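This briefing goes through a protein model with nucleic acid, topic by topic. Please keep the sequence and the coordinates open while reading.

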Amino acid sequence: MPELPEVETVRRGLEPVLTGATIVRADIRRPDLRWPFPDGMAKQLEGNRVEQLRRRSKYLLADLSSGESLLVHLGMSGRILIYPGDRDRVAVGKFAHPHPALEKHDHVVLDLETGARIVFNDPRRFGAMDLLQTSAQDSHRLLVQLGPEPLGNDFHSAYLADRFDGKRAPVKAALLDQRNVAGLGNIYVCEALHRSGISPKRQAGHLSQSQIDRLVRDIRDVLDEAIAAGGSSLRDYRQTDGDLGYFQHRFRVYGREGAPCSTPDCQGAIARIVQSGRSSFFCPQCQR
DNA sequence: CTTGGGTCCTGTGCGC
DNA sequence: TGCGCACAGGACCCAA
């Protein structure tokens, strides 16, 4: 999926289009993604204004005028595209539809009063949508266990040291565990560990305090840089306008098996190993 | 409690 | 050009 930087990029793309706009029509084109959509979702959306578009970890939350929020998760392959529409063309009756034809895997379509159309497309359908009471957000089953935002004030080295204390799991697994810190995925964990010079195989509980300090800083840095670059574009991810993100050009280890390590004075080559079924990319020379 | 493995689904890229 | 296989950004669920 899109990890935190990609979801934040989507949020920033959607925000100006969605905030303050009223949903005039919701077209739910199949009964489910990863889970069934809530009963009557289309009706709960239609007629509502979107008050605010927020992000929590890798989830988007659109707060509605009804007091409910639409929760959206992009899974592995989910995309949201905006078609600005063209009211004038509709108004003069030249075109029955200002938007391009729907494509395969376009599962949810929201038409806004402004004429804009928001399309959720997800080939693998690991994504999710749900409705929740905005005031009870934190008790939602998908959000209740999430750890702190890595870019927020609650994520700091004392916190992480406490969470990692006594853990025998590899630090790679511990950082992917959303209960420890919420929003990292495979790419940015690999990248942060490389920047910190920490092997993904190291037991989380065996890191020194200075390594944890460094790791916290590097996690924040890599996420900030990725957001500034508009996220990373791999197979499926695009920004809301269909453009590519650019951060993938700055990967130091992810997807670079066999390439020379980019650390100054390091003669190592990037290796790939499998940890709990997922690829870890790292430099065995400078990550210890 | 922690940890690791299997699983959902479709698409793509590679080797043959 | 076609075919089969490995692999893909997530995270739930269950067994040990």
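**DNA contacts, a helix and two cysteines**

Of the atoms of DNA strand B that lie within 4 Å of the protein, 63% belong to sugar or phosphate, and the rest belong to bases. The model is predicted, and the points below are grouped by topic.

**Surroundings of DNA strand B**

- The residues around DNA strand B are Lys104, His105, Pro123, Arg124, Arg125, Phe126, Lys167, Arg168, Ala169 and Pro170, and by character this surface divides into five charged, four nonpolar and one polar.
- Arg124 places a polar side-chain atom 3.0 Å from a base oxygen of DNA strand B, whereas a polar side-chain atom of Arg125 lies 3.4 Å from a phosphate oxygen of the strand.
- Pro123 takes part through its backbone, a polar atom of which is 3.4 Å from a sugar or linking oxygen of DNA strand B.

**Helix H4**

- Helix H4 spans residues 157-164, and its buried residues are Tyr159, Leu160, Ala161 and Phe164.
- The cover over the buried residues of H4 includes helix H5 (171-176) and helix H7 (209-228).
- Just after H4, Gly166 adopts a positive phi of about 80 degrees.

**Cysteines**

- A search of the whole structure finds zero disulfides; Cys261 is in none, and its nearest cysteine sulfur, that of Cys286, is 3.6 Å away, whereas a disulfide would require the two sulfur atoms to be within 2.5 Å.
- Cys261 is buried, with a relative accessible area of 8%, while Cys286 is partly exposed, with a relative accessible area of 22%.

Technical notes. Residues are numbered from 1 along each chain as its sequence is written. Chains are lettered from A and ligands numbered from 1 in the order in which they are written. This is a predicted model: local features need pLDDT of at least 70, side-chain atom pairs count only at pLDDT 80 or more; totals for chains, interfaces and linings use all residues. Side-chain values use heavy atoms; hydrogens and water are left out. A residue is near a molecule or strand if one of its heavy atoms lies within 4 Å of it. A polar contact is a pair of N or O atoms within 3.5 Å; within protein, one must be able to donate a hydrogen and the other to accept it, and residues adjacent in sequence count only if both atoms are side-chain atoms. Ala, Val, Leu, Ile, Met, Phe, Trp, Tyr, Cys and Pro count as nonpolar, Asp, Glu, Lys and Arg as charged, and the others, Gly among them, as polar. Buried means under 20% relative accessible area, exposed over 50%, partly exposed in between (1.4 Å probe, protein chains only). Helices (H or I, at least four residues) and strands (E, at least two) are DSSP runs, numbered from the N terminus. Contact means heavy atoms within 4.5 Å.
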